[in-house]
Amino acid sequence: MTSIKQNINQITLQIGNSIQKCGRQPDSVQLLAVSKTKPIDLLEQAIEAGQRTFGENYVQEGVEKVQYFQSTHSNTELEWHFIGPIQSNKTRPIAEHFDWVHSIDRLKIAQRLNEQRLESLGKLNVLIQVNISSEESKSGTTSEEVMTLAAAINEMPNLTLRGLMSIPANVSNYDEQLAAFTQLASIQNQLRAQYPQVDTLSMGMSGDMDAAIEAGSTMVRIGTAIFGARG
Ligand SMILES: *Cc1c(COP(=O)(O)O)cnc(C)c1O
């Protein structure tokens, strides 16, 4: 049986190879370990292997994990990213426990997170989620709405706009994957031209990581390839 540590080493190698193939800077892509539905002991193994940033999708489960690790691993600086869909009545626990939110898809969610973020926690880092493949079942703003939402977020004192996130249509063809990611990267370039603090492009999962890196991803969100399939 392969261990979490071996999986993380394997993914890290694969990220390195992808980066090298397209001539990008070493260390320009961060690995976010997506631990949704996975038990504490698997996260502990990942931490032992050196992983420090984790992504969670469900509010209650995510908050429980944040609290558990704050009390049991208080000497280990972990970074928690909320990456799941957000209901407006669930923003408070997200604002109070997470360091990053990848899934802002409308103004109301940004406003509530801004109001509910405690100043003592520092600013909440946020990404706008874009529905790049225009799928009805997926959350995310349209490409056209990104700049309007970004302008509003940029005025919010408790949020820092860091970039974009997307979950494109699930296709296995590399060129199709690359086309969707390239579209997102081009919106990111427009955003960076206006907001110099924008530096994060969250795209790529276990099945489409290489295309995402070629298109300019700075953060890949990997679940299955680290922790195994979800039941
Ligand atoms: C579950 C999830 C992932 C991880 O997907 P894998 O295919 O398991 O790597 C990444 N991003 C988001 C938003 C997710 O919900």
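## Exercises on a predicted model

Ring pairs link Phe54, Tyr68, Phe69 and Trp80 into a cluster. Keep in mind that this is a predicted model. Let's work through it together.

### Exercise 1: aromatic pairs

Task: find how many aromatic pairs the structure holds, and work out which geometry Phe69 and Trp80 adopt.

Solution.
- Step 1. The count comes to 4 aromatic pairs.
- Step 2. For Phe69 and Trp80, the ring centres lie 5.9 Å apart, with 35 degrees between the planes. Planes under 30 degrees apart would be stacked and those over 60 edge-to-face, so an angle in the remaining range counts as tilted. The Phe69 and Trp80 pair is accordingly tilted.
- Step 3. Now place the two rings: Phe69 sits in helix α3 (residues 59-72) and Trp80 in strand β3 (residues 79-82), so the pair links distant parts of the chain, 11 residues apart.
- Step 4. Check their surroundings. Buried means under 20% relative accessible area. Phe69, at 2% relative accessibility, counts as buried, and Trp80, at 4%, counts as buried too.

Task: do the same for Phe82 and Phe98: what is the angle between their planes, and are the residues buried or exposed?

Solution.
- Step 1. Phe82 and Phe98 have their centres 5.3 Å apart and their planes at 80 degrees, which makes the pair edge-to-face.
- Step 2. Phe82 belongs to strand β3, while Phe98 lies in the loop between α4 (91-97) and β4, so the pair ties together parts 16 residues apart in sequence.
- Step 3. Both Phe82 and Phe98 are buried.

### Exercise 2: the setting of strand β5

Task: determine how many residues of strand β5 (residues 124-129) are buried, and which strands bridge to β5.

Solution.
- Step 1. Of the 6 residues in β5, 6 are buried.
- Step 2. Side chains in a regular strand alternate between the two faces of the sheet. In β5, Leu124, Val126 and Ile128 are on one side and Asn125, Leu127 and Gln129 on the other, and both faces are covered.
- Step 3. Strand β4 (residues 100-104) runs parallel to β5 and is joined to it by 3 bridges; Ile104 has Ile128 as its bridge partner in β5.
- Step 4. Strand β6 (residues 159-165) also runs parallel to β5, with 6 bridges between them. Here Leu124 is partnered by Leu159 in β6.
- Step 5. Follow the connections. β4, helix α5 (residues 107-116) and β5 form a right-handed β-α-β unit. β5, helix α6 (residues 146-154) and β6 form a right-handed β-α-β unit as well.

### Exercise 3: buried faces of two helices

Task: for helix α1 (residues 4-21), compare its reach with the expected span, then say where its buried residues lie around the axis.

Solution.
- Step 1. The 18 residues of α1 reach 26 Å from first to last C-alpha, close to the 26 Å expected at 1.5 Å a residue.
- Step 2. The buried residues of α1 are Ile4, Asn7, Ile8, Ile11, Ile15, Ser18 and Ile19. They cover an arc of only 110 degrees around the axis, and therefore sit on the same side of α1.
- Step 3. The face turned away from that buried side carries the exposed residues Leu13, Gln20 and Lys21.
- Step 4. The cover over the buried residues of α1 includes β1 (30-34), α2 (40-48) and α8 (209-215).

Task: which residues of α2 are buried, and what covers them?

Solution.
- Step 1. Leu42, Leu43, Ala46 and Ile47 are buried in α2. Down the axis they fall within an arc of 145 degrees, so they line one face of the helix.
- Step 2. Their cover includes α1, β2 (53-56), α3, β3 and α9.
- Step 3. Just after α2, Gly50 takes a positive phi of about 105 degrees.

Note on methods
Residues are numbered from 1 along each chain as its sequence is written. This is a predicted model: local features need pLDDT of at least 70, side-chain atom pairs count only at pLDDT 80 or more; totals for chains, interfaces and linings use all residues. Side-chain values use heavy atoms; hydrogens and water are left out. Helices (H or I, at least four residues) and strands (E, at least two) are DSSP runs, numbered from the N terminus. The expected span of a helix is 1.5 Å times one less than its number of residues. Buried means under 20% relative accessible area, exposed over 50%, partly exposed in between (1.4 Å probe, protein chains only). The arc is that of the directions from the helix axis to the C-beta atoms. Contact means heavy atoms within 4.5 Å. Two strands pair if DSSP finds at least two bridges between them. A crossover is right-handed if, with the strands pointing away from the viewer, the path from the first strand over the helix to the second runs clockwise. Rings of Phe, Tyr and Trp (its six-membered ring) pair if their centres lie within 6.5 Å; planes under 30 degrees apart count as stacked, over 60 as edge-to-face and the rest as tilted.
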